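Work through the exercises below with the model open in a viewer. Each task is followed by a solution in steps.

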Amino acid sequence: MAHKSYARSIDLPTEQVFHNIRNARRFAIDIGGSLAKVAYSSVVKRKSTMVFDEPDVEGVCGSPIYNVSEMDQEAVRLHFVKFETKYIESCLDFIKANLIKSKEFVHDKVIKVTGGGAYKYTDLIQSKLGVTVDKVDEIACLIEGCNFLLKHIPDEAFCYMRHGNPEYKFQGVDSDIFPYLLVNIGSGVSLCKVESESKFERIGGTSMGGGTFWGLGSLLTSAKEFDELLDLAERGDHKPLDMLVKDIYGGNYGEIGLGADVIASSFGKAARCARDTSVPDFNKEDIARSLLLCISNDIGQIAYLQARLHGVKKIYFGGFFIRGHPFTMHTMTFAINYWSKGDIQPLFLRHEGYLCAIGAFLKGMKDGDAEHYSWGENLAGSSGLASPQHSAASFDYHMRNNFSLLEINRLERSLLPCPLLRDIIGYFPDTVDLTQDGDARDYWLDCFYKNAVKTRDLAINSQPTSPDATERANDFLKKYRSRLKSLEQNPCAFGHLTVRNLLDTSASMLEECLFTDIFSQQKQLENEAALHQLSDRLAYLDGLPLSERLLQLAIGLLAGNVFDWGALEVCRILEQSKSFGLEDAQAKLQKRPWLFDDFDAWRNRMTQSKGSQKPPYKCAVIFCDNSGVDIILGVFPFVRQLLSMGTTVILCANSAPSLNDVVFVELQLLAKHASDICPVLRSALAERRLLVMESGQTSPCLDLRLIDGHLVRTMTEQGADLVVIEGMGRAIHTNMEATFNCDALKVAVIKNKWLAQRFGGDMFAVMFRFEQSQDHRLPQTVAATATAQELTASLLPSPLSSACSSRSSSLASSRSTSPVSSLSYLGSATSDSRKSQTSDSGSGRSKKTSRQTCDDEDEQSPTASSANIPITASSANIPITPRGSR
Ligand code: ADP
């Protein structure tokens, strides 16, 4: 056994674990019986781009009409780290040593401390750190932390299904979380009923918890570290130790529905063994497994009984005992399902051990204004969940070491759900869930792996004067590729795996490596060249009759969408032919009928207003995509047409750079330059019938749970009745299945052969989907009387309903019920499940382990009367007495 290769379960502090500790400002500590958790906020460096107008330059082709420069920025991040409580002294020394330089910390002399250690270690903390300890109630912190995670971190909660594909069923973000039972399994166990933010009660507990497993486990085996015990348990078989029903009855106890393999008495067989001290009676793997089963089953049953007693249908398990360990979660899930016959839902949390620390930190922020911010997990810095494939010898060392680091970004803007969504609660931004669709997962992981080299090169070129740009870019490449590799093995590690998350993770990692707008030069060149052609393009369109003009506008929009530097095939074309322009792109487009072709319906709707069957749209919201030809020759003429028909247009661009997408600050300048060329645009801008706004997004995809609060208010005020979503990221990878309470136009060119073929099309296949709503406007009662804030509040019961950026993976306000589209193109899950079975058997785990103790044990449904599962018979309150004695 690779005992020696074990890292200590929790290493002593290093700056690698305590990220950005030198910039730390505010602290909170949760000191438990076994583990201490430190929460702190720090300031992290960022780069951002600024765009400056060049008023004196005419915009001659090739000369700059605006200038771009990079600036340093700061952002606030929350960090959560754990270590063994016995190291508290050295950790405090480490914190002190690293904080000496931080004026802010010295300035802020009070820290919130919770957990038993708040009492035990008050003097130590005060003397070591020179601060005053403000003790905060542990249960209150626990609940506050749990509520915060459930509402702000997408996919924080999940159901675990050992044989599911995937094993994890994530819950999106739950805006409707109450009531629930929180079972916190730390050293001991607390059970709390939570009815609202302020109404909660500790309703029970048990001393048989994580400390018991760790303590008894180290007494009974030679293992000293918790992780070591878990690994032993993973490999063990409980049957040699546990007395099963069949050991007593010789088979099933059919009369009361107990299967032969049900545990009648944990460790019951140990008493019967021969006492030859020279030979160990039982192997340590089996002991660890029996113990884990014994404790997990017990807690599962207590949790079930309390939930029943209090009429609660959801149980969240918190505390570091769980550690995302598949076997533990499986046992508890099984116990709850078995006893409740599936009526009560057992749910686990990705950051289960930090609830109390988060709560304590938030309490420290209350004096400030915690609720004015948006929050989102930093995918680049947080660690992911373990998986069965990882939990045995193959467990990646890096993952183990970083396991359960949590980083949360604070965003200064408020992000709110888009009020145009028909069903905010049911909205799921992503079209394909790569945790379920194995073929798509393989394809996209490979695709992003290959693309990463190009991104690295672009990053280097974007900072030509920086001496360490190459080093940082290589660092990006290494980190991103290593993340992709780990996702290959454990796709559920960070929640749903989607194309959006993969793109956002790349953006976060670039940001971490201090890169910002790696396409800025390319975008600038293309913007200038396209602006130069705008006047001719408009003149050409003006010469066409309306019906033909509408077609050419649609084709222009589509052709513009070809200019996407995020698509490898397009990059090749653009790199080979510098003069590739709008007409070349038009020639590449699929000919009508398009793959999705609602153009005739769209044209009818646009021309109907002439015969006054329907009035023109009142307000169109357009989420635009690429810089250059796309925005200038595709979108601006389209916008101009809408304006000239009397429609107000809200043109939205990303708030921060991603790929070659046009950014808000650029769009403002481009709109101004375009308005110098076109009087319709000029007067619309002046009259505020054309509004250029930021979307709040920082991704090539569009998560409508998280858009800029100001945009939300404007949409509502203007009575938006048309939404136009452009591009592959926004209209295909996300929002393809989104439904709106107004008309929606989804426009994209599929610039990826594999994806096109999945849709039954070919490269450059066209999606032009026009979805007409029944009830064209926002629900009148809401639109007419409510502000956007009120609208959001009515949809999201939480007071903390603000959201965070999709880049940081974000607060979201809706819960995914059905994350995966039912479209047939998504491919069959069968092939994937076949694959996962194959890889499972090839994973190196001993067949005996998986067959005898896990797989066989739950082949039957939890409600089966003769469940041959490791459920203890005694816990069913069924007296197990030898047959002979009855
Ligand atoms: P507490 O606040 O009481 O310390 P925690 O929620 O931190 O409770 O959970 C502590 C328990 O977590 C331990 O008793 C042990 O069972 C388990 N545990 C998980 N990971 C570790 C680890 N690396 N080292 C020690 N115990 C761990």
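The exercises cover confidence, one helix, a surface patch and salt bridges in this predicted model.

**Exercise 1. Confidence**

Task: State how many of the residues, in percent, score at least 70 in pLDDT, and examine residues 1-10.

Solution:
1. The protein averages a pLDDT of 82, and 79% of the residues score at least 70.
2. Over residues 1-10 the pLDDT is below 50, although this stretch has 22 contacts beyond near neighbours in sequence.
3. For residues 875-886 pLDDT also stays under 50, with 20 contacts beyond four places in sequence.
4. Where pLDDT is low, the predicted coordinates should not be read in detail.

**Exercise 2. The two sides of helix H4**

Task: Find which residues of helix H4 (residues 122-129) are buried and what covers them.

Solution:
1. Buried means under 20% relative accessible area. In H4 the buried residues are Thr122, Ile125 and Leu129.
2. Because they cover an arc of only 75 degrees around the axis, these residues are on the same side of H4.
3. The general rule is that an α-helix has 3.6 residues a turn, so residues three or four places apart point the same way.
4. Asp123 and Ser127, on the other side of H4, are exposed.
5. The cover over the buried residues includes strand S1 (24-31), helix H1 (88-99), strand S4 (110-114), helix H3 (117-120) and strand S5 (132-135).
6. After H4 comes glycine 130, with a positive phi near 65 degrees.

**Exercise 3. A nonpolar patch**

Task: Identify the residues that form a nonpolar surface patch with Phe52, and place Phe52 in the fold.

Solution:
1. Met50, Phe52 and Met71 make a patch of about 250 Å².
2. Phenylalanine 52 is in strand S2 (residues 35-53).
3. Its relative accessible area is 39%, so phenylalanine 52 is partly exposed.

**Exercise 4. Salt bridges**

Task: Locate the salt bridge partners of lysine 269 and aspartate 625, and say where each pair sits.

Solution:
1. The whole structure contains 48 salt bridges.
2. Lysine 269 pairs with aspartate 247, with the closest N and O atoms 3.1 Å apart.
3. That pair links distant parts of the chain: lysine 269 is in the loop between strand S12 (263-265) and helix H9 (284-309), and aspartate 247 is in helix H8 (residues 245-249), 22 residues apart.
4. Aspartate 247 has 29% relative accessibility and therefore counts as partly exposed.
5. Aspartate 625 forms a salt bridge with arginine 730, the closest N and O atoms being 3.1 Å apart.
6. Aspartate 625 lies in the loop between strand S19 (619-623) and helix H22 (629-644), and arginine 730 in helix H26 (residues 728-733), 105 residues apart.
7. Both aspartate 625 and arginine 730 are buried.

Terms used
Residues numbered from 1 in each chain as written. Predicted model: local features only at pLDDT ≥ 70, side-chain atom pairs only at ≥ 80, totals over all residues. Heavy atoms only, no water. Patch = residues over 30% accessible without salt bridge, like charges linked within 9 Å, V, L, I, M, F, W, Y side chains within 5 Å. Areas by Shrake-Rupley, 256 points an atom, 1.4 Å probe, with all protein chains shown as cover. Salt bridge = Lys/Arg side-chain N within 4 Å of Asp/Glu carboxyl O. Helix = DSSP H or I, 4+ residues; strand = E, 2+ residues; numbered from the N terminus. Buried < 20%, exposed > 50% of the residue type's maximum accessible area, 1.4 Å probe, protein only. Arc of directions from axis to C-beta. Contact = heavy atoms within 4.5 Å. pLDDT = per-residue confidence, 0-100.
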